[in-house]
Amino acid sequence: MSAINAVDAAFRGEWSQLVATLVRDLGDLSLAEDVASEAFVEASSRWHRDGIPRRPGAWLLTTARRKAIDRIRRDRRFDDRREELTRLAEDPPEVPAEKLLDDQLALIFGCCHPALAPDAQVALTLRYVAGLSTAQIARAFLVPEATMAKRLVRAKRKISAAAVPIEIPERDRIAERLTAVCGVVYAVFTEGHASASGTALLRGSLCDEALFLADTLVELLPDAPQVRELRALCRLTDARRATRVDDDGLPVLLRDQDRSRWDRSKIEGGLADLATAQALTSGGSASPYGPMAMLAGVHAAAPCYESTNWTAIVAVYDTMIRRDPNPVLALNRAAAIAERDGPEAGLAAIDAADPHGALATYHYFHGARADLLARLDRTEEAVAAYTAAIECCDNDADRRWLESRRAELT
């Protein structure tokens, strides 16, 4: 392996663990980030000249600690840490694997601390856990790099000023904090899988980062059912990635997707995660991700669209709505009823799903109505519904697809 490839592989495999351990050593997120980055810069030249070390992670940690000592000598704030850090750099101990995992878990909980705004939680998690650069995060969320840089700086200042702890919460707080952590990972996945704005419907790089974060959480907390449910949902949904858009970037409906191109390894992994979660909860679900993963699993199990078990899907939506009655779930349930009982029944269910007009600006609501009206040959009403969907759609790919459907009718 070349030195460049070795540095790339080490960055992907060691970054979050390196930063997490340095945060524990230094008690400062910004300093940990700086010296970790400097260690990778030095590795890119030293490994080319001296060869790739036998234990890249240990080499990077020792190098980063030495760079931190140089920084501390110039900054009196960290005098209390200099002696211990010098000892660690000169005689680095063998750190138990469970301690490294604890450091990573503490870093994730710190990045997702409730004192931070949701957008800051996402940005920090992608920066320190997934290792994305500021420019990459900015591109992913369609904001200028300067805006994202300011967001990260504000978040780091908040961590410092409010003394936000980079530590694993007390046992009785882990469950509620883990809900926030899973929410951040799912927000990243959702933005990649179905972008709410911009030109592209699907951004695979964000899906990949969300799956990496979900894998990390499962490694750290293998017996947490909501973590298993989250990864099951991400895997089962992402298995369809290759078939979700056409060559022009327009959406491909589920009924028209080529199932032979679905990623079977992700489907099998997702179903295994779902089975593990159900075993941990005695057949129940620990989070909203469980029922959503079950829906994705029903679709994944059907060899063709016509053989989909729509009765099972409606039953899952019934369970979800009992827990959380909201018009979006009712809309999705109505779409399943349309497939099970026909477009007339589906249209009635859609209209009943939103009696108070809460979905008036939700383009999927108007698009679903338009599709069923077209199937019922109520062309004029279908055109009007597509027009309403287009007017409230913020994603360019979705809008172009809706316009093409309307054009077919006119």
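**Figure 1. A salt bridge joins the side chains of R405 and D371 at 3.7 Å, N to O.** In this predicted model, R405 belongs to helix α19 (residues 396–409) and D371 to helix α17 (residues 363–375), so the pair ties together parts that are 34 residues apart in sequence. R405 is buried, with a relative accessible area of 19%, and D371 is likewise classed as buried, its relative accessible area being 16%. The pair does not stand by itself, since R255, E339, D371, R375, R405 and E408 are linked in a network of salt bridges. Side chains of opposite charge can pair when their charged atoms come close.

**Figure 2. Helix α17 and the helices that its buried residues pack against, namely α15 (327–341), α16 (343–353), α18 (379–391) and α19.** The buried residues of α17 are H363, F365, H366, G367, R369, A370, D371, L372 and L373. At 1.5 Å a residue, a span of 18 Å is expected for the 13 residues of this helix, and the C-alpha atoms at its ends are 18 Å apart, which agrees. Just after α17, the residue D377 takes a positive phi of about 60°.

**Figure 3. The salt bridge between the side chains of R46 and D50, with an N to O distance of 3.1 Å.** Both R46 and D50 lie in helix α2 (residues 29–50), where they are four residues apart, about one turn of the helix. An α-helix has 3.6 residues a turn, so residues three or four places apart point the same way. R46 counts as partly exposed, because its relative accessibility is 27% and the partly exposed class runs between 20% and 50%.

**Figure 4. The salt bridge between the side chains of R340 and D341, in which N and O are separated by 3.0 Å.** R340 has a relative accessibility of 37% and counts as partly exposed, and D341, with a relative accessible area of 44%, is also partly exposed. A search of the whole structure finds 31 salt bridges, among them this pair.

**Figure 5. The packing of helix α13 (residues 289–301) with helix α14 (residues 310–323), whose axes come within 10 Å and cross at roughly 170°.** Because angles over 145 degrees count as roughly antiparallel, α13 and α14 are described as roughly antiparallel to each other. On the α13 side the contact involves P291, M292, M294, L295, V298 and H299, which meet W310, I313, V316, Y317, M320 and R323 in α14. The residues of this contact divide into 10 nonpolar, one polar and one charged.

**Figure 6. P288 in the loop between α12 (264–280) and α13.** With a relative accessible area of 57%, P288 is exposed. The C-alpha atoms of P288 and E229 are separated by 8.5 Å, although the two residues are 59 residues apart along the chain.

**Figure 7. The protein chain as a setting for the close-up views, with 19 helices and zero strands.** Taken along the principal axes, the C-alpha atoms of the chain fill a box of roughly 80 × 45 × 45 Å. Of the 410 residues in the chain, buried residues make up 48%. Among contacts in the chain with a separation of 6 or more, residues 24 or more positions apart account for 64%.

Methods. Residues numbered from 1 in each chain as written. Predicted model: local features only at pLDDT ≥ 70, side-chain atom pairs only at ≥ 80, totals over all residues. Heavy atoms only, no water. Salt bridge = Lys/Arg side-chain N within 4 Å of Asp/Glu carboxyl O. Helix = DSSP H or I, 4+ residues; strand = E, 2+ residues; numbered from the N terminus. Buried < 20%, exposed > 50% of the residue type's maximum accessible area, 1.4 Å probe, protein only. Axes fitted to C-alpha atoms, helices over the stretch in contact; angles between N-to-C directions. Parallel < 35°, antiparallel > 145°, perpendicular 65-115°, else oblique. Contact = heavy atoms within 4.5 Å. Nonpolar A, V, L, I, M, F, W, Y, C, P; charged D, E, K, R; others polar. Expected span 1.5 Å × (residues − 1).
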